[in-house]
Amino acid sequence: MNRIQHLLLAPAALGLLAPVAASASELNMDGVNRYANVKEQVTSINQFSDVQPTEWAYQALSNLIERYGCVAGYPDGTFRGKQALSRWEAAALLNACLDRITEVTDELRRLLKEFEAELAVLKGRVDGLEAKVGELEATQFSTTTKLQGQATFVLGAVNAGGNSTSGRFRTSSITSGNDSENYNARFGATSFNYDVRLNLITSFTGKDQLYTRLRSGNFNNAFNGNGLNLTALDIASNGFGQTSCTGNRNCSDVVGIDRLWYRFPVGRDVAITVGPKARNTEMLAVTPSVYGKGDKILDLFTLHGAPGVYNKATGAGAAITWRQNVPKGKGRFSAGASYVAQQGDSGTSFDGDPFSCSSDEGGIGTDCARGNFLAQLNYTTPQWNISAAYRYGQQATNFRRGTNFAASNSWFLANGDSNSVAVNAYWQPKKSGFIPSISIGWGLNSLSGNETQASGVEFATPFVSESQSWFVGLEWSDVFAKGNAAGMAVGQPVFATQLKSGTTSGLETTPNDGNFVWEWWYKFQVTDNISVTPAIFYLSRPLGQQTGADQTFNVFGGLVQTTFRF
């Protein structure tokens, strides 16, 4: 057996001394010491000329030298690892190592005594943490699922002004008065409402995600889009009843499944999302705007200036996204495509009505699926982004937010389809301050085959064949205090820019559908989990062309939005 093998078996070597003497006092230690002194103490294994890294015990020898300093060599700078080890050499080496271990042990004892009080405190804290961890593990909801909650209170009101008399807001009991008077009577009272969202985020592998959202609320007023679709807030649910929840009190306070989808990676750069309740704007490769990061008020300004493309279509769907893998801080390309069938949960493909799709008809890939195909291409850097997107919509899909004229003429098409494009860009400063982030967006919508109404009769009056939209949003972060934010946005929701003449000849086909929307807000971050946001908004002509050329109709709104996150 060579020296290295004996060195690793030093304890056994000491045991071999037992037959020679009954105790250490009987061992000739003078001879051992004299032998040890002949050798040269080393501090690095590199001092041995005959020890190569390929030796099987190289690492073990290195540890003994560098950690304990208890290995010596011959005066000629060699270790002679292949030379047989005598019992005297084994005893000398073991004695040197034991001396070093004793020194280390004494130092540890001194340190333990010196920091005895601090160590006791730390031990108590560790014991307390272990107890809390044990309690959490015993009562945790799931080992794979996290719960994130958000409750929002909204106190506010709207008020209309103007002299238009279209009669749109009259009912069987409100038969006179102009539009603003009738609107205020039906929707102008101050209200106090809530919206609650419970997000269950599950991961089985650490890279995938199953997303489930429960939601409820009791918005049954202008903030849910009643009367005018443009007054709808981003946070304004009216519950999930069995019938339509727009203007229906039977839906209020009913909890329902708002989202349900599963996302998983394919390789390093690709991800696939699929689910029975997925939303096309939540399956994008990149969100094309940074406006609303601090808070969100009107739903319109969460559509990035292109409600025709980013229409928040929700239903049975799937998406694929690709993001270029580049070093952190570098610009990268990304792309994505999705398909959402808003009526994908229905098993009825045709109910016998040849002129329109009913709420019972649907399926996936059918004529009445209300299918939305959305594709997006982006280039993103840490400070700015540019995006282009396209959406194809089947009949009965919509453009989400626009003037009432555009909505009545081009949404939920009985026949025909729509093709929409969007261009977006944003820029944000490296640090918060007086310079805001800037987000811009523009959309164009083209309709075809929509001459026929749900009754099967062609439009007698001019109808929309083309529409546009745009917005600009400014947002400041850490305004006056860290966590606070402020924002302002202006734009035009979907408005008609081109009409086709109906069957009645001689009617004006030049659209007059313009309308501007503004919003201003400031968010106070009260605590890490509570924020209060006062906001105001103004709609200059929300009815669009339904307001006469010499008439006016506008709406002003004010609210305080309080958000609790848990």
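This is a short talk on a predicted model of one protein chain, going through its confidence, strands, cores and one helix.

First, the conventions. The model is predicted, so to speak of local features I need a pLDDT of at least 70, and side-chain atom pairs count only at pLDDT 80 or more, while totals for chains, interfaces and linings use all residues. Residues are numbered from 1 along each chain as its sequence is written, and side-chain values use heavy atoms, with hydrogens and water left out.

Confidence next. pLDDT is the predictor's confidence in each residue, from 0 to 100. The chain averages 85, and 86% of the residues score at least 70. Over residues 3–38 the pLDDT stays under 50. For that stretch the model has 49 contacts beyond four places in sequence, a contact being heavy atoms within 4.5 Å.

Now the strands. Helices (H or I, at least four residues) and strands (E, at least two) are DSSP runs, numbered from the N terminus. Two strands pair if DSSP finds at least two bridges between them. Strand E3 and strand E4, residues 191–202, run antiparallel and are joined by 12 bridges. In that pair, Thr 152 stands opposite Asp 195 of E4. E4 then pairs with E5, again antiparallel, over 8 bridges, and here Leu 198 is opposite Leu 214. E4 and E5 form a hairpin with 6 residues between them, and Gly 206 in the turn has a positive phi of about 95°.

Thr 212 belongs to E5, residues 209–217. Is Thr 212 buried or exposed? Its relative accessibility is 15%, so Thr 212 counts as buried; the cut-offs are under 20% relative accessible area for buried, over 50% for exposed, and partly exposed in between, with a 1.4 Å probe and protein chains only. Neighbours within four places aside, Thr 212 contacts Leu 198, Asn 199, Leu 200, Ile 257, Arg 259 and Leu 260.

Further along the chain, E16 and E17 form a hairpin with 4 residues between them, paired antiparallel over 7 bridges. Trp 521 has Ala 535 of E17 as its bridge partner. On its pairing with E18, E17 is also antiparallel, over 10 bridges, with Thr 533 opposite Gln 561. Side chains alternate along E17: Ser 531, Thr 533, Ala 535, Phe 537 and Leu 539 point to one face and are buried, whereas Ile 530, Val 532, Pro 534, Ile 536 and Tyr 538 point to the other and are not.

On to the cores. A nonpolar core is a set of buried Ala, Val, Leu, Ile, Met, Phe, Trp, Tyr and Cys residues joined through side-chain atoms within 4.5 Å. The largest has 30 residues, and those touching the most other members are Tyr 183, Phe 223, Leu 233, Phe 301, Phe 553, Val 555 and Leu 559. Among the elements giving it two or more residues are E3, helix H7 and strands E15 to E18. Apart from it lies another core, of 12 residues, including Val 51, Leu 61, Ile 65 and Cys 70.

Last, helix H4, residues 58–68. Its buried residues are Tyr 58, Leu 61, Ser 62, Leu 64 and Ile 65. Seen down the axis, these fall within an arc of 160°, so they line one face of the helix; the arc is that of the directions from the helix axis to the C-beta atoms. Gln 59 and Arg 67, on the other side, are exposed. Gly 69 follows H4, with a positive phi near 60°.
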